[in-house]
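Thanks, everyone; I would like to take a few minutes to walk through one model with you, starting where two chains meet and then widening the view. Please have the structure open as I talk.

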Amino acid sequence: MHELSVTENILEIALTHAKASFAKKVTDIYLVIGQLSSIVDDSVQFYWDYISENTICAGARLHFNRIPANFRCIKCNHEFQMKNELTACPNCGSMQTTIISGEEFYVDSIEIEKEVEKSI
Amino acid sequence: MSAIRVPVVEKIFSANDRMAELNRNLLNSHNIFSINLMASPGAGKTSFILETIKRLNHSLRIGVIEGDTAPVTIDADKIIAAGMPAVQINTGGDCHLEASMMSDGLNQLPLDDLDLVIVENVGNLICPAAWDLGTHINVLIASVPEGDDKPYKYPNIYRGLKVLVVNKTDLAPFVKFDMDYFRQGVEMLNPGLVTFPLSCRTGDGFDKWIEWLITQVHAHQQTS
C-alpha cells in the first residue's frame, strides 16, 4: 500500500537514534510488524535500498519480526489465532471478538558501529 | 569497530501521531468537533457532506477539508457553492491524507467561526485507515453497489470506526447485497458499531444521522 512512506519513516527514526548514539554506521534494523499491518516486506526492502543510499544506514539489513494476529472471544474468553480470514470464535461461535496482538508496527532496535576509541 | 545494539521501540508513524495530536489540540482549543470521512471512490462522500450541510441548515458552522490525489478542486468547489468554507488538499498521487496535510488544511480554515470540520479523505479503503489525522472520530461510508463482502476484504478500516454509514440503500432492489452477511462481518470487526443505513439521493434514513451528529458536536463542545 504505502510502503514508501513507511520506509521513509523507518529511515528517519533509525537516523535519529543512530546520531544520538554517535554511530558511524547502521548495520541492522529490527522491526516488529503485526500480521494485521498490511505491509509487504520486499517492497520496504526495495525502497530501503534506494532511499538509505548516501546515509549512514546504507546497506543496513532489515529484520521483520512478524507477530501473528490473536483474538479473544468477548463472550467465552477463548483465545485463538487468525489463519486467513475473519472467523467466529471456534469455541462458542460468537462473532464478538477483540484483538490481542497483530497490530504492532514499530522499530524495536538498531545495530550500529562506532569507531573504537584509540588507547593512549 | 564495535557493534552495539541500540534499543529504539518507536512506532513507525510516531511523527505523524505527534502532528495528529497537535491538530486535535488546535481543534479543541477552538471548540471544534472533527470527522475523518473515509470511503472507496464513488461511495458518495461528497454527496453525503453536501446533504449534511443542507439538512443542518446553518444550525452548525461547518468547514471541509477535501483530500484528492489529483490536482482538482471539483469537490471543494461544490462545498463552497453550498455556502461553507472548504480547502482542497492534493496529495500529489499519495493514496491517503496524513496529519501534516490536515494541518495545512486547518491553517486555511476560519477556525474561530466553526463548530465542525469534516475531512473527506482520499477515496480508498486501505491506506487512510493507517494514519491518524487528529480528527475526533472516523466515519466510513460503505455503499450498497460496492457489495456486501467489503468488511471481510478490508478489515482494518472497519476496526477503527466510530460510525458506519451504508449509503445508496435505494439501490438495494437492483443489486445483490445481503445486509445480514455485511453486518455479520462488521460485527466481528467492530462489535456494536453505530450504523446508519441511508440514501443521499432519496433522503431516507438521513434524519437519524443528523440527529446523532448534532448530539455529538454539542457533547464535545460541552466537554472541551
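Strand β6 of chain A, residues 105-114, is joined to β1(B) by eight bridges, and the two strands run antiparallel; I should say at once that this is a predicted model. To fix the register in your minds, look for Val107(A), which stands opposite Glu10(B) in β1(B).

On its other pairing, β6(A) meets strand β1 of chain A, residues 25-34, again in the antiparallel sense and over eight bridges, and here Val32(A) has Tyr106(A) as its bridge partner in β6(A).

If we put these pairings together, what is the order of the strands in the open sheet? Reading across, it is β2(A)-β1(A)-β6(A)-β1(B), four strands in all, with mixed pairing. The edges are taken by β2 of chain A, residues 61-67, and by β1 of chain B, and because each has a single partner strand, one side of each is left without a neighbour in the sheet. From one strand to the next, the twist averages 20 degrees.

Now please look at helix α1 of chain A, residues 3-20, which lies across β1 and β6 of chain A and also across β1 of chain B, running at about 45 degrees to β6(A).

Turning to the contact between the chains as a whole, we find that 31 residues come from chain A and 26 residues from chain B. On the side of chain B that touches chain A, the elements that give two or more residues are β1 (2-11), α6 (155-159) and α7 (179-189) of chain B, and of these β1(B) gives the most, with 10 residues. That side of chain B divides into 17 nonpolar, five polar and four charged residues.

Let me finish with chain A by itself, which has two helices and six strands, arranged from the N terminus as α-β-α-β-β-β-β-β. Its radius of gyration is 19 Å, well over the 14 Å that the globule rule gives for 120 residues, so chain A is more spread out than a compact globule. Along the principal axes, the C-alpha trace of chain A spans about 70 × 35 × 15 Å, and buried residues make up 24% of the 120 residues in the chain. As for how the contacts in chain A are distributed along the sequence, if we take those with a separation of 6 or more, residues 24 or more positions apart account for 73% of them.

How values were computed
Residues are numbered from 1 along each chain as its sequence is written. Chains are lettered from A and ligands numbered from 1 in the order in which they are written. This is a predicted model: local features need pLDDT of at least 70, side-chain atom pairs count only at pLDDT 80 or more; totals for chains, interfaces and linings use all residues. Two residues are in contact if their C-beta atoms, placed from the backbone, lie within 7 Å. Ala, Val, Leu, Ile, Met, Phe, Trp, Tyr, Cys and Pro count as nonpolar, Asp, Glu, Lys and Arg as charged, and the others, Gly among them, as polar. Two strands pair if DSSP finds at least two bridges between them. Axes are lines fitted to C-alpha atoms, for helices over the stretch in contact, and angles run from 0 to 180 degrees between N-to-C directions. The radius of gyration is taken over C-alpha atoms; the globule rule is 2.2 Å times the number of residues to the power 0.38. A residue is buried if 20 or more other C-beta atoms lie within 10 Å of its own, exposed if 12 or fewer, and partly exposed in between; C-beta atoms are placed from the backbone.
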